[in-house]
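Here is a quick tour of a protein with its ligands. Have a look at it first, then read on.

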Amino acid sequence: MSKEEIKFGRSKGFFETFERRPGPIKKNMHYCPGCGHGILHKLVAEALVDLEMQDKMIFISPVGCSVFAYYYFDCGGISVPHGRAPAVATGLLRANPDSYVISYQGDGDLGAIGLNNFLQAANRGENLTVCFVNNAIYGMTSGQMAPTTLIGHKTATSPYGRTVTNEGFPLKVAEMVAALESPVYVERVALTSTKNIRSARRALRKGLTNMKEKKGFSLIEFLSGCPINLKKSAEATDEWIEEEMIPYFPLGCLKDIADERDKIIRPIPIFDKEKVTKALLESAGNIKFGDKQTKLRKDLRIKCAGFGGQGVLSLGMMIAAMGQSRNINVSWLPSYGPEMRGGTANCSVVMSNDIIGTPIVIETNILITMNQPSMDKFLPDLATKGILLYDSTSIKPPKTKSRVYAVEATRIALDIGNIKCANSVIMGAFAACLKGFELENYEGAFEEAIKTTFRKKPQLIDMNILAFRKGKDSVKTVNV
Ligand SMILES: Cc1ncc(C[n+]2csc(CCOP(=O)(O)OP(=O)(O)O)c2C)c(N)n1
Ligand code: SF4
Ligand SMILES: [Mg+2]
């Protein structure tokens with residue numbers, strides 16, 4: 001390095017003082033002495049300025065010791081949940097392809113909880129630079145085993161040392177990404193000696209330049225020290241990286257094909273509100289939201305349950321569509337899995353005039369059951385003043401203090417000629433239960449919901465409307 005190149009003082013890529021940092025310390029970073037994050041932050045800050053990328057840069061830091069990186073960099077900054085930086089980066093880049101994004105991730109974040117998000121972004125070839133800080137440990141949470149922890153290394157969660165038989169080999173992230181078609185540049189460097197830090201500086205700038213030239217995805221893996229959790233001095237940590245990590249994670253460039261690639265040009269995003277609304281509504285079957293919101297006396301927390309195949313999920317969907325058509329906030333949450341094959345399936349529907357906090361329904365105020373096991377399972381969760389509606393073709397009358405309605409849904413559906421429309425019979429009964437109780441104009445709303453739900457099978461609409469009307473006329477109150 002010539003004398004002119006030596007830089008003194010704080011890079012302009014950093015804030016002059018770290019005002020966002022809580023507490024009295026506004027000049028220093030929160031990293032431990034000898035931590036690789038501090039070294040890499042300096043390289044990033046300098047590169048942002050030298051490559052003139054600062055004004056368009058968004059630095060994303062997920063959970064890990066570097067989650068507070070936005071205290072330091074004088075550019076856009078977002079903290080995101082664990083493992084989600086590449087997904088958030090994708091959103092940012094698709095919304096504004098001219099922005100620059102650094103996804104700055106630890107080995108726990110990228111290699112464990114966020115591995116899928118990361119690999120998919122790499123495979124899509126997002127125009128993104130990922131700085132992967134591999135310190136072979138979960139630093140922030142005091143030293144648990146990471147996917148990159150070395151064999152034999154004792155950590156809080158591998159107290160006898162990592163073994164191949166128990167935890168497998170340490171994950172070679174750079175090699176894995178280099179094997180994908182899309183990424184243009186993959187290099188592993190180390191934040192140890194001056195020579196290695198200079199290579200790291202060059203690699204970082206290469207990755208950032210690729211992004212500036214819209215060449216696509218670059219990954220730089222930085223072998224980095226966590227002296228605190230290694231319980232070593234900063235100097236001994238560097239030696240450990242050189243002697244233990246580098247033999248397993250060899251340094252060097254694994255892929256560099258940026259020069260062979262054309263610029264990535266992705267479609268210009270649409271921001272026109274009307275166009276987006278129209279496209280969304282068309283794909284959802286042109287639901288009309290209505291001008292006025294129907295006022296509910298209280299939130300409806302509905303559980304629909306039955307056998308898989310009885311249409312309980314679409315029943316919930318029809319009820320939710322009905323609420324939507326009256327401009328009520330709704331959520332629909334299915335619960336299935338192995339239950340879909342002959343066991344119980346259920347869904348939760350919430351309808352509210354306010355914002356819905358959670359789509360999970362625990363205490364139900366309307367329970368709809370289409371088989372006995374669902375009745376037995378969910379009746380204890382029904383509010384005392386709630387409503388129970390059940391298919392009395394096969395379910396025994398329950399003992400409960402709630403208001404109870406029964407309809408022979410399966411029998412009526414068989415009479416109509418298709419057992420599958422039992423759920424529409426139930427919906428008719430449900431509409432009758434609500435009459436005068438919660439909703440105005442409910443009949444039109446329910447029939448609209450049927451048309452929306454069956455929009456792709458129009459031949460079924462008339463039969464389901466017939467089933468709906470029969471259900472409405474046949475429902476019986478049991479104990480009111
Ligand atoms: C969803 C979620 N799961 C788990 C955690 C706990 N947690 C916080 S940091 C961390 C590991 C971070 O390790 P790494 O990504 O290697 O970053 P480092 O601190 O080593 O730089 C974990 C598991 C969390 N905050 N959020
Ligand atoms: S715990 Fe480790 S990774 Fe976290 S700041 Fe300290 S040295 Fe760095
Ligand atoms: Mg780590």
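The notes below cover the domains, a pocket, a metal site and the cysteines.

## Overall layout

Keep in mind that this is a predicted model. The protein chain splits into domain 1, covering 3-260, and domain 2, covering 290-477. Measure between the C-alpha centres of domain 1 and domain 2, and you get 50 Å.

## Around ligand 2

Where does ligand 2 sit? You'll find ligand 2 in the largest pocket. Its surroundings are Y31, C32, C35, H37, C65, N135, G139, C226, P227 and N229.

As for the character of that shell, six of the residues are nonpolar and four are polar, with no charged ones. One of the shell residues is C65, which is partly exposed at a relative accessible area of 30%.

## The magnesium site

Which protein atoms hold the donor positions for the magnesium ion (ligand 3)? They are OD of D107, OD1 of N135 and O of I137, and they lie 2.1 to 2.2 Å from the ion. Along the chain, these donors follow the spacing D-x27-N-x1-I.

Two of the donor residues, N135 and I137, are buried. N135 also turns up among the residues surrounding ligand 2, so to speak doing double duty in the lists for ligand 2 and the magnesium ion.

## Cysteines

How many disulfides does a search of the whole structure find? The count is zero. C253, for one, is in no disulfide: the nearest cysteine sulfur belongs to C131 and is 15 Å away. C253 counts as partly exposed, because its relative accessibility of 43% falls between the 20% and 50% cut-offs.

Methods:
Residues numbered from 1 in each chain as written. Chains lettered and ligands numbered in written order. Predicted model: local features only at pLDDT ≥ 70, side-chain atom pairs only at ≥ 80, totals over all residues. Heavy atoms only, no water. Near = heavy atom within 4 Å. 1 Å grid on protein atoms, 1.4 Å probe; cavity = no way out; pocket = protein on both sides within 12 Å on 5 of 7 lines; lining within 4 Å. Sits in = over half its atoms within 2 Å of the grid points. Nonpolar A, V, L, I, M, F, W, Y, C, P; charged D, E, K, R; others polar. Disulfide = S-S within 2.5 Å. Buried < 20%, exposed > 50% of the residue type's maximum accessible area, 1.4 Å probe, protein only. Donors = N, O, S within 2.8 Å, 3.2 Å for Na, K, Ca; no water. Domains from an automatic or database assignment.
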